Amino acid sequence: MQEKTALPASRWLRLIPVIFITYSLAYLDRANYSFGAASGMAHDLNISAAMSSLLGALFFLGYFFFQIPGAHYAEKKSAKKLIFWSLILWGGLASATGMITNVNLLIVIRFALGVVESAVMPAMLVFNAHWFTNKERSRANTFLILGNPATVLWMSIISGYLVTAVGWRWMFIIEGMPAIIWAFVWWKVVQDKPSEAKWLTDAEKQALEDELEREQAGMKQVKNYREAFRSPTVIKLSLQYFFWSIGVYGFVMWLPSIIAKAPNMDMVSTGWLAAVPYVLAVILMLVTSFFSDKMQSRKNFVWPFLLIGALAFYGSYLIGPNHFWISFVLLVIAGGAMYAPYGPFFAIVPEVLPRNVAGGAMALINSMGALGSFAGSYIVGYLNDLTGGFDASYMFMAGSLLLSAILTMMVRKPQTQKPQASPEWKRKVSAT
């Protein structure tokens, strides 16, 4: 019997940096709107407070529509091709935001940007599932989603300087260009599946494909998306992610505006302070995903952080607006806690559903997250405008995260069938 070939470590060095940068650029072009809104865009385009809230949320409405088709295309055709064209389109739309002259064009661009980016997250999760095993997937997903807080971290600082130096228009134009350039790097470096990678040996390709096939062999079969979408686990995770996203995007979209209201606060200082929660988020995401993979536990690395986030928002509400710095520390804790469980969370679905439907299920969950993001960014802005303060929105985000934590605790891992290796996999094993 031949000695078993180790899974290729080169995947981490070649693919993870590319995955991280790609999703970072996607997140840059959705999150920098908060700086444009806080730095003069509303005045220049005569945007009311209510319209500003709608525009901030409109991205997520467009984002909702094409999640499942995107995941289906990525699984059946090519995640590589889908993301290549998405990079070019969203970079162009993001830059176009800096050239518009009226709010009607901005409405079209925000919605279209959401549509274009809607396929990226499920396609990237499908891509990761083709390259990383169950024991690695929490960390791989974390490095993907790490592009979210890491981008907001540096984007907050750079955008603060850019809007001060060249204005909000050039901020959008400059920050949209890297995605277009990066599309060609992505196309050159990645392959959809291990079998297509010239940088792996035949033995490494075989070892990785055998391990991924072995994982599939022990799963209960699910015929189609309709059956998967009726799964109690998928339904609970969809609702959970809806409420979780209310907290996350209410926070992301409105944190600069919350900080900017503090006494003697300019946009550069706002940028630096808005970056702080994401430093904690990056640290917690890496630590959480490491221990989740090490212990092969998912749910118990999700709900405690969401509960902490809920308590931190509630604490900010109790303290009130007259104690900015204490409230800010609690917001930092809330931000870090909300981001910490992303890696374990997105590792749940590929472990309970077979590959033919896992991508679609993750897309459905992410679609519900998009609706939650729409609700969070819109309702938080609406409550801030209605009440003239942030107390009501803190309570709204706290309640949403509490519901998300409760729903996570209710998730039960389905019983898997007794592992029955496929004939193809048995043949491969017997040949070694």
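**Entry 1: Phe84 and its ring partner**

I looked up Phe84 in this predicted model and found a relative accessibility of 9%, so Phe84 counts as buried, the limit being under 20%. I then searched the whole structure for aromatic pairs and obtained 27. I examined one of these, Phe84 with Trp187: the ring centres are 5.1 Å apart and the planes stand at 55 degrees, so I recorded the pair as tilted. The angle falls between the limits of 30 and 60 degrees, which is why neither the stacked nor the edge-to-face label applies.

I noted where the two rings sit in the chain. Phe84 belongs to helix H5, residues 67-96, and Trp187 to helix H10, residues 167-189. The pair links distant parts of the chain, with the two positions 103 residues apart.

I checked the accessibility of the partner as well. Trp187 has a value of 38% and therefore counts as partly exposed. I also found a charge at this ring: the charged end of Lys80 sits over Trp187, 4.6 Å from the ring centre.

**Entry 2: An aromatic cluster**

I followed the ring pairs further and recorded a cluster that they link together. Its members are Tyr241, Trp244, Phe251, Tyr278, Phe313, Tyr339, Tyr342, Phe345, Phe346 and Tyr394.

**Entry 3: H5 against H7**

I returned to H5 and examined its packing with helix H7, residues 120-131. The two axes come within 8 Å and cross at roughly 115 degrees. I recorded the crossing as left-handed.

I listed the residues on each side of the contact. H5 contributes Gln67, Ala71, Ala74, Glu75, Ala79, Leu82, Ile83, Ser86 and Trp90. From H7 I noted Val120, Pro122, Ala123, Met124, Val126, Phe127 and His130. Sorted by type, the residues of this contact comprise twelve nonpolar, three polar and one charged. The charged residue is Glu75.

**Entry 4: Thr22**

Is Thr22 buried or exposed? I found a relative accessible area of 0% for Thr22, which places this residue in the buried class. Thr22 is part of helix H1, residues 10-31.

I looked up its contacts, leaving out residues up to four places away in sequence. Thr22 touches Ile83, Leu87, Trp90, Met124, Trp182 and Trp186. Among these, Ile83 and Trp90 also take part in the H5 side of the contact with H7, and Met124 in the H7 side.

**Entry 5: Lys205 and Thr201**

I examined Lys205, which is located in helix H11. Its relative accessibility is 16%, so this lysine counts as buried. Beyond residues up to four places away in sequence, I recorded contacts of Lys205 with Pro194, Ser195, Ala197 and Leu200. I also looked up its distance to Thr5: the C-alpha atoms are 9.5 Å apart, with the two positions 200 residues apart along the chain.

Thr201 lies in the loop between H10 and H11, the latter spanning 202-217. I found 42% relative accessibility here, so Thr201 counts as partly exposed. From the C-alpha atom of Thr201 to that of Pro8 I noted 9.0 Å, for a separation of 193 residues along the chain.

**Entry 6: Positive phi angles**

I looked for residues other than glycine with a positive phi and noted two loop positions, Asn46 and Gln296. Asn46 has phi near 55 degrees and is found in the loop between helix H3 (41-44) and helix H4 (49-65). Its relative accessibility is 70%, so Asn46 counts as exposed.

For Gln296, phi is near 50 degrees. This glutamine is in the loop between helix H14 (267-295) and helix H15 (303-319). I recorded a relative accessibility of 39%, so Gln296 counts as partly exposed.

**Entry 7: Two long separations**

I examined Ile158 in helix H9, residues 147-165. Its relative accessible area is 40%, and Ile158 is therefore partly exposed. The C-alpha atoms of Ile158 and Leu353 are separated by 41 Å, and the two residues are 195 apart along the chain.

I closed with Pro304, which lies in helix H15. At a relative accessible area of 25%, Pro304 is partly exposed. I recorded 33 Å from Pro304 to Arg14, C-alpha to C-alpha, at 290 residues apart in sequence.

Note on methods: Residues are numbered from 1 along each chain as its sequence is written. This is a predicted model: local features need pLDDT of at least 70, side-chain atom pairs count only at pLDDT 80 or more; totals for chains, interfaces and linings use all residues. Side-chain values use heavy atoms; hydrogens and water are left out. Rings of Phe, Tyr and Trp (its six-membered ring) pair if their centres lie within 6.5 Å; planes under 30 degrees apart count as stacked, over 60 as edge-to-face and the rest as tilted. Helices (H or I, at least four residues) and strands (E, at least two) are DSSP runs, numbered from the N terminus. Buried means under 20% relative accessible area, exposed over 50%, partly exposed in between (1.4 Å probe, protein chains only). A charge sits over a ring if NZ of Lys or CZ of Arg is within 6 Å of the ring centre and within 35 degrees of the ring normal. Axes are lines fitted to C-alpha atoms, for helices over the stretch in contact, and angles run from 0 to 180 degrees between N-to-C directions. A crossing is left-handed if the near helix is turned anticlockwise from the far one by less than a right angle, and right-handed if clockwise. Contact means heavy atoms within 4.5 Å.
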